[in-house]
Amino acid sequence: MSTVILIAGGSCSGKSTLCSTALSRVEPAGVVIPTDNFYKDLSSFSEEQLLNHNFDMPSAIDKDWLCSAVESLAESKPAEVPVYDFSTHTRTSETKIIQPAEFVFIEGLFTLCQQELLVLASLKVFVECPADIRLARRIIRDTSERGRGVESVINQYLSTVRPMHEKYIYPSREEADCVFDGEGDMEQITDDLIDKIYGLRKSG
Ligand code: ADP
Ligand code: C5P
Ligand code: MG
C-alpha cells in the first residue's frame, strides 16, 4: 500500500508549489495528482457561460474519476488521469498514466471536503494564507500562465472564488492534521512536511 497525503488550501495558497518541492525531496519516491486535472470538460459552453461558471465548488470536479484514481494509487496500482487546459476550460483528448509510488500527494481546493479521499489519507494538510496575498498571487499567475485578463481575474475572485472559499474550503481546515503557513519560506515548509511524512513511518 502507498501512503496518501492530502494537501488543501485556498487558491494560490501554495499547494502546487509545496507539492512540487516535496516531490523533489521525498525518498524513495512520490507522485503528485493535482485535482485541477479533474475539472469537468466544458467544451460545449459558450464564452458567456464560461465567464459565469463557478469553478470553486466541489461539483466542478469529476469526483468519481478522481476518487477511483486515488484508490488505485493507494493500492500501489497505476491510474489513468485526464489532462486539463485552463486557457480553454477543456480536457485534452489525451489521458496520462500515473505510475504508483510510495508517497501519493493529492493537492487541490477540495481535497479535505471529500469523505472518500479523507478515508484513504494518512496525512491531511491545510496551507493557510491571507486572502489579499492569495488574490495578488492569483492576478499574477492567471494573467501570465492561464490566459486571463486582470479584470476577469478580479471579477471571478469576487463572484465565486472568495465566497466558495468561505463556504467550502476554509471550513475544511478542521479536517487537517497540520496547518502550514502559506506565506512562510517554502524550503522551511517543505522541511516541515517531509518531517511529518517520515514521522508517519515511525508511528505506524
Ligand atoms: P495553489 O496551487 O495553492 O493555487 P501555487 O503553488 O500555484 O498555489 O502558488 C501560487 C503562486 O504563489 C506561485 O507563483 C508561487 O510561486 C507563489 N507562492 C506559493 N507559495 C509561496 C510562498 N510560501 N512564498 C512566496 N510565494 C509563494
Ligand atoms: O491552483 P488553484 O488551487 O488556484 O486552482 C483552482 C482554481 O482554478 C479555482 O479557484 C478556479 O477558480 C480556477 N479555475 C479557473 N478556470 C478553470 C478551472 C479552474 O479559473 N477552467
Ligand atoms: Mg495549484
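This note goes through a predicted model of one chain with two ligands, point by point.

1. Overall make-up. The chain contains seven helices and seven strands. Read from the N terminus, their order is β-α-β-α-α-β-β-β-α-β-α-α-β-α.

2. Size. The radius of gyration of the chain is 17 Å, and this agrees with the value near 17 Å that a compact globule of 204 residues would have. Along the principal axes, the C-alpha atoms occupy a box of roughly 50 × 35 × 30 Å.

3. Packing. Of the 204 residues, 34% are buried. Among contacts in the chain with a separation of 6 or more, 75% are between residues 24 or more positions apart.

4. Annotated region. UniProt, in an unreviewed entry, gives the annotation "domain: Phosphoribulokinase/uridine kinase" for residues 4-181. In the model, the stretch 4-181 is 38% helix and 24% strand. The C-alpha atoms at its two ends lie 21 Å apart.

5. Strand β1. This strand spans residues 3-9 and is mostly covered, with six of its seven residues buried. It has two pairing partners to note here. One is β5 (residues 103-107), which pairs with β1 in the parallel sense through five bridges; in this pairing I5 is opposite F105. Another is β6 (residues 123-128), also parallel to β1 and joined to it by five bridges. There, L6 has K124 as its bridge partner.

6. Ligand 1. There are 14 residues around ligand 1, and those that come nearest are G14, K15, S16, T17 and R137. Two elements, α1 (15-25) and α5 (131-145), each give two or more residues to this shell. Helix α1 supplies the largest share, three residues. By class, the shell has eight polar, four charged and two nonpolar residues.

7. Ligand 2. The residues around ligand 2 are S11, C12, K15, S16, D36, Y39, F55, D56, F86, H89, L109 and V161. Six of them are nonpolar, three polar and three charged. K15 and S16 appear in this shell and are also among the residues that come nearest to ligand 1.

8. Backbone points to check. Most residues other than glycine have a negative phi, and most peptide bonds are trans. Three places in this model depart from that pattern, and they are taken in turn below.

9. The cis peptide bond. E27 and P28 are joined by a cis peptide bond with omega of about 10 degrees. P28 is in the loop that runs between α1 and β2 (30-34).

10. C12. This residue is not glycine, yet its phi is positive, near 70 degrees. C12 sits in the loop between β1 and α1. It has 24 other C-beta atoms within 10 Å, and because 20 or more make a residue buried, C12 is counted as buried. C12 also belongs to the shell around ligand 2.

11. H89. Here too phi is positive in a residue other than glycine, with a value near 60 degrees. H89 lies in the loop from β3 (79-85) to β4 (90-98). Is H89 buried or partly exposed? It has 17 C-beta neighbours inside 10 Å, so it counts as partly exposed. Like C12, H89 is listed among the residues around ligand 2.

Note on methods
Residues are numbered from 1 along each chain as its sequence is written. Chains are lettered from A and ligands numbered from 1 in the order in which they are written. This is a predicted model: local features need pLDDT of at least 70, side-chain atom pairs count only at pLDDT 80 or more; totals for chains, interfaces and linings use all residues. Helices (H or I, at least four residues) and strands (E, at least two) are DSSP runs, numbered from the N terminus. The radius of gyration is taken over C-alpha atoms; the globule rule is 2.2 Å times the number of residues to the power 0.38. A residue is buried if 20 or more other C-beta atoms lie within 10 Å of its own, exposed if 12 or fewer, and partly exposed in between; C-beta atoms are placed from the backbone. Two residues are in contact if their C-beta atoms, placed from the backbone, lie within 7 Å. A residue is near a molecule or strand if its C-beta atom, placed from the backbone, lies within 6 Å of it. Ala, Val, Leu, Ile, Met, Phe, Trp, Tyr, Cys and Pro count as nonpolar, Asp, Glu, Lys and Arg as charged, and the others, Gly among them, as polar. Two strands pair if DSSP finds at least two bridges between them. UniProt positions are given in the numbering used here, feature names are shortened, and annotations may be inferred rather than shown by experiment.
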